[in-house]
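Thanks for asking me to look this one over. Here are my notes, in numbered points, to read alongside the model.

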Amino acid sequence: MINKGRIASAVALTTLMLGLTACNDGEDAASARDSPSASAPASSDPGSKSPSADPSDDAAAPASGDVAAPGTKFKIGDRAVLPFKYGTDKKGTVAVTVTAIEKGAEADMASFGDKAKGMTPYYIRMKVENVGGTDLSYASLRLRGKLEGGGPTGVILIGDLPGKCDSETAPRDFTTKGASYETCSLSATKTDPIAVASFEEGDAYSDSPVLWTS
């Protein structure tokens with residue numbers, strides 16, 4: 001489980017500028033910087049030191065179900081089959097089912113420090129299934145929160161909130177067809193509510209993400 005908390009905001013407020021990284025119009029165009037005052041408690045999970053996810057569209061063909069085309073829209077509760085690559089040596093096909101997008105409370109963000117004041121967290125809960133049957137143990141998959149209509153939130157969060165939104169890595173036995181686990185992606189906003197979960201990993205999907213809406 002990855003518990004490093006890092007935060008970046010595109011909101012141009014004087015009180016938030018120190019230690020924050022401004023992001024562009026799209027969340028995927030920015031990267032968050034380390035900020036000690038915005039860090040959640042560190043994790044001892046062995047999977048947290050695995051390489052960062054780097055999915056691509058040439059992942060192994062799915063054993064069952066058709067891969068969702070870039071730009072496909074689903075409803076919360078729908079299952080989407082997606083190509084997935086993690087690091088340099090783990091590649092396969094997964095199925096992602098977004099089960100909920102839950103609104104948290106501003107107080108839940110306390111572990112990120114003062115820079116998170118005024119931000120409302122949202123918890124994107126999902127089930128991840130190994131469809132291709134390849135070794136994807138300790139891989140990590142993240143979805144981003146979007147505003148209604150698919151617009152960016154202006155905030156990037158990397159980490160989780162233990163006990164409320166735990167970002168789990170795949171278990172050691174996530175190596176066979178049908179293996180599954182549940183995880184949560186943390187997003188936040190200072191403006192409108194988050195109503196969309198977005199899969200943006202891989203070149204094709206970064207330009208035209210797969211979306212889940214209520």
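**Notes on sheets, cores and side-chain pairs**

1. Strand 5 (120-130) and strand 8 (180-189) run antiparallel and are joined by ten bridges. Within this pairing, Pro121 has Ala188 of strand 8 standing opposite. Strands here are DSSP runs (E, at least two residues; helices would be H or I, at least four), numbered from the N terminus, and two strands count as paired if DSSP finds at least two bridges between them.

2. Before going further, please keep in mind that this is a predicted model: local features need pLDDT of at least 70, side-chain atom pairs count only at pLDDT 80 or more, and totals for chains, interfaces and linings use all residues. Residues are numbered from 1 along each chain as its sequence is written, and side-chain values use heavy atoms, with hydrogens and water left out.

3. The pairing of strands 5 and 8 belongs to an open sheet of four strands, in the order 3-4-5-8, with antiparallel pairing. Strand 3 and strand 8 are at the edges with a single partner strand each, so one side of each has no neighbour in the sheet. On average, neighbouring strands of this sheet are turned by 40° against each other, direction ignored; the axes are lines fitted to C-alpha atoms (for helices over the stretch in contact), and angles between N-to-C directions run from 0 to 180 degrees.

4. Another open sheet of four strands follows the order 2-10-9-6, and its pairing is mixed. Its edge strands are strand 2 (73-75) and strand 6 (144-147), each pairing on one side only. Here the average turn between neighbouring strands is 35°, direction ignored. Strand 2 pairs with strand 10 (residues 210-213) in the parallel sense, over three bridges. Lys75 has Thr213 in strand 10 as its bridge partner.

5. Which residues touch the most other members of the largest nonpolar core? They are Leu82, Leu141, Leu143 and Trp212, out of 25 residues in that core. A nonpolar core is a set of buried Ala, Val, Leu, Ile, Met, Phe, Trp, Tyr and Cys residues joined through side-chain atoms within 4.5 Å. Buried means under 20% relative accessible area, exposed over 50%, and partly exposed in between (1.4 Å probe, protein chains only). Strand 3 (79-86) gives the largest share of this core, four residues. A second, separate core has twelve residues, among them Ala116, Val155, Leu157 and Cys184.

6. Cys184 also takes part in the one disulfide (cysteine sulfur atoms within 2.5 Å) that is counted. Its partner is Cys165, at an S to S distance of 1.9 Å. The torsion about the S-S bond is about -100°, so the disulfide is left-handed. Cys165 lies in the loop between strand 7 (155-158) and strand 8, and Cys184 in strand 8, so the bond ties together parts that are 19 residues apart in sequence. Both Cys165 and Cys184 are buried.

7. Aromatic pairs number four, where rings of Phe, Tyr and Trp (its six-membered ring) pair if their centres lie within 6.5 Å; planes under 30 degrees apart are stacked, over 60 edge-to-face and the rest tilted. Phe174 and Tyr181 have ring centres 5.2 Å apart and planes at 90°, so they are edge-to-face. Both Phe174 and Tyr181 are buried. For Phe199 and Tyr205 the centres are 5.3 Å apart and the planes at 75°, so this pair is edge-to-face. Phe199 is buried at a relative accessible area of 0%, and Tyr205 is buried at 2%.
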